[in-house]
Amino acid sequence: MDKRGDKILSVYWFAVIIIVAGGIFGMVYVYYGTPYDVREIEANVMTNQIADCISYAGRINANIISNQQESGTDFLKQCHLSFDSTDWTDEQYYTEINVYNLNYLNNATFSVNAGNNNWISFCALQQNSSQERLTQCVKKSFYSLDNSNNQYIIKILTVVRKSEKNVKI
Amino acid sequence: MLRYKLGKKGQVGETVSWVVATIIIVAILLIFIWISVLMAKVKTVGIGDVQTDSGTKVDLFAQKTAMANQLDNNQNKEMIDNILKENG
């Protein structure tokens with residue numbers, strides 16, 4: 001009788017060990033299986049690079065602003081940026097820069113955009129917490145002067161998608 | 001007969017305590033799994049985590065604005081600050 005009880009108890013202990021091991025495996029899998037989301041930093045680094053390219057030490061880069069017809073690709077080249085990546089079939093970035101003269105705030109003096117503009121619509125959805133993981137949008141603005149001391153407000157919007165590599169979907 | 005019945009009661013009591021112990025173990029495991037799910041959700045490295053070598057946090061855009069303000073002793077500083085605040 002005692003022997004049978006011992007047998008049942010050892011089976012029970014094995015079951016408990018398996019349950020605990022399974023639980024620990026589950027915890028590790030859940031935590032380490034989720035990637036770090038670094039898109040906010042990526043978007044901020046990109047925004048900083050663009051801001052430095054447009055204005056440095058309080059003065060606007062006249063070469064960039066003077067060219068009204070500048071395409072997004074040319075702008076990226078001038079700012080030493082490239083949105084092409086071998087890891088993705090379509091571009092995962094979008095940026096939009098608007099420069100406003102302080103006297104004409106309704107019309108942008110200079111405007112350029114580059115990248116995949118499909119992602120811009122996701123920025124509005126970011127307000128909804130369940131969809132905030134679709135893209136990371138960073139909106140920054142600052143003040144600068146040109147060589148004639150004209151005052152400008154520069155607005156930069158940067159969008160990074162790359163959801164597959166930063167979020168567990 | 002009485003001894004047999006008493007023995008059975010003892011076995012039932014022991015089984016109940018093992019079952020309760022198992023439930024507690026499973027419950028604790030589930031709580032830990034739930035905590036790891038919550039921790040996994042906040043695996044985000046944001047700009048707030050970035051520090052300089054000196055340990056201070058730097059706002060590049062505020063610095064740029066401040067520099068431009070210093071260049072021409074800006075008269076519209078308040079207005080510009082409000083515009084920048086609105087735009088984030």
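Author: Let's begin with domains: their bounds come from an automatic or database domain assignment. This is a predicted model, in which local features need pLDDT of at least 70 and side-chain atom pairs count only at pLDDT 80 or more, while totals for chains, interfaces and linings use all residues. Residues are numbered from 1 along each chain as its sequence is written, chains are lettered from A and ligands numbered from 1 in the order in which they are written, and side-chain values use heavy atoms, with hydrogens and water left out.

Reader: Thanks! Which domains does chain A have?

Author: The assignment for chain A gives domain 1 (1-33) and domain 2 (39-166).

Reader: And what separates the centres of domain 1 and domain 2 of chain A?

Author: Taken over C-alpha atoms, the centres of domain 1 and domain 2 of chain A are 54 Å apart.

Reader: Cool. How many disulfides are there over all chains?

Author: There are two over all chains, where a disulfide is a pair of cysteine sulfur atoms within 2.5 Å. One of them joins Cys53(A) to Cys79(A), with an S to S distance of 2.0 Å. The link of Cys53(A) and Cys79(A) is left-handed, with -75 degrees about the S-S bond.

Reader: Where do Cys53(A) and Cys79(A) sit in the chain?

Author: They link distant parts of the chain, 26 residues apart: Cys53(A) is in helix H2 of chain A, and Cys79(A) is in the loop between helix H4 (72-78) and strand S3 (93-101). Helices (H or I, at least four residues) and strands (E, at least two) are DSSP runs, numbered from the N terminus.

Reader: Is Cys79(A) buried or exposed?

Author: Cys79(A) counts as buried, at 1% relative accessibility, and Cys53(A) is buried too, at 12%. Buried means under 20% relative accessible area, exposed means over 50%, and partly exposed is in between (1.4 Å probe, protein chains only).

Reader: What about Cys123(A) and Cys137(A)?

Author: Those two form a disulfide, with their sulfur atoms 2.0 Å apart. Cys123(A) lies in helix H5 (residues 120-125) and Cys137(A) in strand S5 (residues 136-145) of chain A, so the pair ties together parts 14 residues apart in sequence. Both Cys123(A) and Cys137(A) are buried. With the bonded cysteines of chain A numbered in sequence order, the pairing is 1-2, 3-4.

Reader: New topic! How many salt bridges does the structure hold?

Author: Six over all chains, where a salt bridge is a side-chain nitrogen of Lys or Arg within 4 Å of a carboxyl oxygen of Asp or Glu. Among them is Lys162(A) with Glu42(A), whose closest N and O atoms are 2.8 Å apart. That pair links distant parts of the chain, 120 residues apart: Lys162(A) is in the loop between strand S6 (151-160) and helix H6 (163-166), and Glu42(A) is in helix H2 (residues 39-54) of chain A.

Reader: Why does Lys162(A) count as buried?

Author: Because its relative accessibility is 15%.

Reader: And which residue does Glu164(A) meet in a salt bridge?

Author: Glu164(A) meets Arg161(A), at 2.9 Å from N to O. Glu164(A) is partly exposed, with a relative accessible area of 44%, whereas Arg161(A) is buried, at 16%.

Reader: Last one: where is Ile35(B) found?

Author: Ile35(B) is in helix H1 (residues 2-41) of chain B. Ile35(B) is partly exposed, with a relative accessible area of 36%.
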